[in-house]
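Me: I'm just starting out with protein structures, and I'd like a close look at one part of this one: the place where the ligand sits. Could you walk me through it and then set it in the context of the whole chain?

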Amino acid sequence: MRLDPLGDFQRTHRNGQLRLEHTGQTVRLLGWCKRVRNLGSLVFLDLRDRWGLVQLVANENEVSPELLARLKAVRSEFVLGAEGVVAEREQKNPQMPTGDIEVRLSGLRILNSAQTPPIPLDDGAEANEDQRLKYRFLDLRRESLQRNLVLRSEVMNIVRNYFRQNDFVEVETPILGKSTPEGARDYLVPSRPHPGQFYALPQSPQLYKQLLQVAGFERYVQICRCFRDEDLRADRQPEFTQVDVEMSFVRPVDIQNMMEPLLVELAALVGKEVRAPFPRLPYRDAMEWYGSDKPDTRCAVRIQDATSVFAGSEFGLFRAAADSQGASRVRALFFAGEAAAAYSRKQLDELGDLAKHLGSGGLPYAKWGKDGLSSSFKKFLDPATEAALRERLGATGEGLAVFAVGSSQQTSKVLGEVRLRLARALGLIDESKFEFLWVVDFPLLDWSEEDQRFVACHHPFTGPHPEDLALLETDPGSCRAQAYDVILNGFELGGGSIRIHDAEIQSRLFKAIGMSPEEARDQFGFLLDALAFGAPPHGGIALGLDRLVMLLVGASNIREVIAFPKTAQARCLMTNAPSPVNPRQLKELGIGIS
Ligand code: ASP
């Protein structure tokens, strides 16, 4: 097809801008053909640009044969320049912002043709995700993706402005760096001049931002890319963006107070009203009440302890827990109301399967409905135990109780998940609400069965809670950290901590995680040196920008807010990365593939 040159054809208006007030004006427009329709002697064409859609129309009996011929050659996704006069529509379309008008065509340039798109570009239309990712440049023409990326850009602008107003300095840190243990596997980059040696892509700029505090910047921010080679889920990507923050001379509350107004402003951007300060919940309570370190507090139901109710019970499973002196517990969730009481046997079986999948033997239940009590352990529920149980659970009317037996950790895992599943099924989560909260006082160290040593829960630069410092040597597992996460609707938006700024404590921490002084020096000598040269007390946080934008736009998948994301197998289906490389390149790097 012969294409028309753009020449000096420029748009006079953006397509989405045109309104009744433009009636009578001759306009020039640019964009893509969304669709053409022939209706009798009229040809309609919807022209799309980044700002919207407008209807063009030509009457076969009125336009020149040449224009008509061009118009008839146009297919979906052709790139066009159109000229015409704005006119009021006879049949208005209230669904379209430009639905009061149409543009009567007087000229048309075909700037490019297009093959038939292999995926539908309408938001409503279902499309296979692999195909969408393969043809991402087309998929990105969808209105929802355009909207998401525009909002993402807006979020980044707000973030930059906010920190600028608060006197932060944005400093870029290396991408080719040294591995720092953030808890995930590193992406490694071989060095050509140093065969056998590797850079690590940053899991985060953690150490650099701390060193910038030692250097005296006091307030650092960076919107930066981070890389972690870990198993992917719907809300994770191998490379992701963080809003990375570090400040000197701060306490946890100072970091939290700095972040809250920003989060309030970002929520307002999508019409959500939230108020600071956000609630602060110690990690221990989060696990005890919600069975999760990122609780969705839009549902108020909490896990309760019912162990002592079963002290003299005939029910061996529960009594054993009561007799175990705290090693094992009976914990329960009670959902009040008719809908919970009417939960069917089949639905309970499904929940039981979930519990089994999470390592529990099953999911004992008791429900009080129209026909009284029904329970998987009814024969053990004599009236006195039943009454004591109802009292313990605060079960005054109808409702459903589900139970888990085992260690605190096991029961938290099971009931934490069951709580969410039931809350969603019973419609107890108000999806329109934004609930932020801080989970604070995380444990510092966690015992790793695999490595047979303690590992840092956050990262090994996190400051121990000042009251727990002595525990570093005596009982490392119960030492709390000065660490905090910010949670939104059950998602971890970000986390941070006050750091260790004292070289001696840093060395004690390395020792607690099983590092010899030589290993510590070898890996982190530069940090230990820096701490010895007047490091200020400092701390910070990083927010996951992709996840934040995902929640702001209400998407359920992080790929909906990233222009060119990877699949759950960490592959780019559009470019086919990762891909084999030329053997010569490998040779230069001194790498052999076995
Ligand atoms: N670097 C940490 C992370 O990426 C965040 C922080 O402690 O500031 O998880």
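Reply:

**Around the ligand**

Let's begin with the ligand's surroundings: 14 residues surround the ligand, and the closest are Gln206, Lys209, Arg228, Gln242 and Arg499. Please keep in mind that this is a predicted model.

Three of those names are worth following down to single atoms. In Arg228, an N or O atom of the side chain is 2.9 Å from an oxygen atom of the ligand. Gln242 also places a polar side-chain atom 2.9 Å from a ligand oxygen. For Arg499, the distance from a polar side-chain atom to an oxygen atom of the ligand is 2.7 Å. How much of the ligand does the protein cover? On its own the ligand has 270 Å² of accessible area, and the protein covers 92% of that.

Now step back to the shell as a group. Sorted by kind, its residues divide into 8 polar, 4 charged and 2 nonpolar. Which elements of secondary structure do they come from? At least two residues each are supplied by α5 (206–214), β21 (491–498) and β22 (538–544). The largest share, 3 residues, comes from β22.

Next, a stop at a loop. Between β9 (219–227) and β10 (239–248) runs a loop, and Gln237 is found in it. Is Gln237 buried or exposed? Its relative accessibility is 5%, so Gln237 counts as buried, because the cut-off for buried is under 20%. The side chain of Gln237 reaches the backbone nitrogen of Lys566 at 2.8 Å. Lys566 also appears among the contacts of Gln237 once neighbours within four places in sequence are left aside, together with Leu232, Ile558, Arg559, Ile562 and Pro565.

Finally, here is the whole chain as a backdrop. Its secondary structure comes to 17 helices and 22 strands, and the C-alpha trace spans about 95 × 75 × 55 Å along its principal axes. Of the 594 residues, 47% count as buried. The chain exposes about 29700 Å², with carbon and sulfur atoms supplying 50% of that area. If you take the contacts between residues at least 6 apart in sequence, 67% of them join residues at least 24 apart.

To find your way back to the ligand in the 3D view, you could start from Arg499, with its polar side-chain atom 2.7 Å from a ligand oxygen, and then look for β22, the source of the largest share of the shell.

Note on methods:
Residues are numbered from 1 along each chain as its sequence is written. This is a predicted model: local features need pLDDT of at least 70, side-chain atom pairs count only at pLDDT 80 or more; totals for chains, interfaces and linings use all residues. Side-chain values use heavy atoms; hydrogens and water are left out. A residue is near a molecule or strand if one of its heavy atoms lies within 4 Å of it. A polar contact is a pair of N or O atoms within 3.5 Å; within protein, one must be able to donate a hydrogen and the other to accept it, and residues adjacent in sequence count only if both atoms are side-chain atoms. Accessible areas come from the Shrake-Rupley method with a 1.4 Å probe; for residues, only the protein chains shown count as cover. Helices (H or I, at least four residues) and strands (E, at least two) are DSSP runs, numbered from the N terminus. Ala, Val, Leu, Ile, Met, Phe, Trp, Tyr, Cys and Pro count as nonpolar, Asp, Glu, Lys and Arg as charged, and the others, Gly among them, as polar. Buried means under 20% relative accessible area, exposed over 50%, partly exposed in between (1.4 Å probe, protein chains only). Contact means heavy atoms within 4.5 Å.
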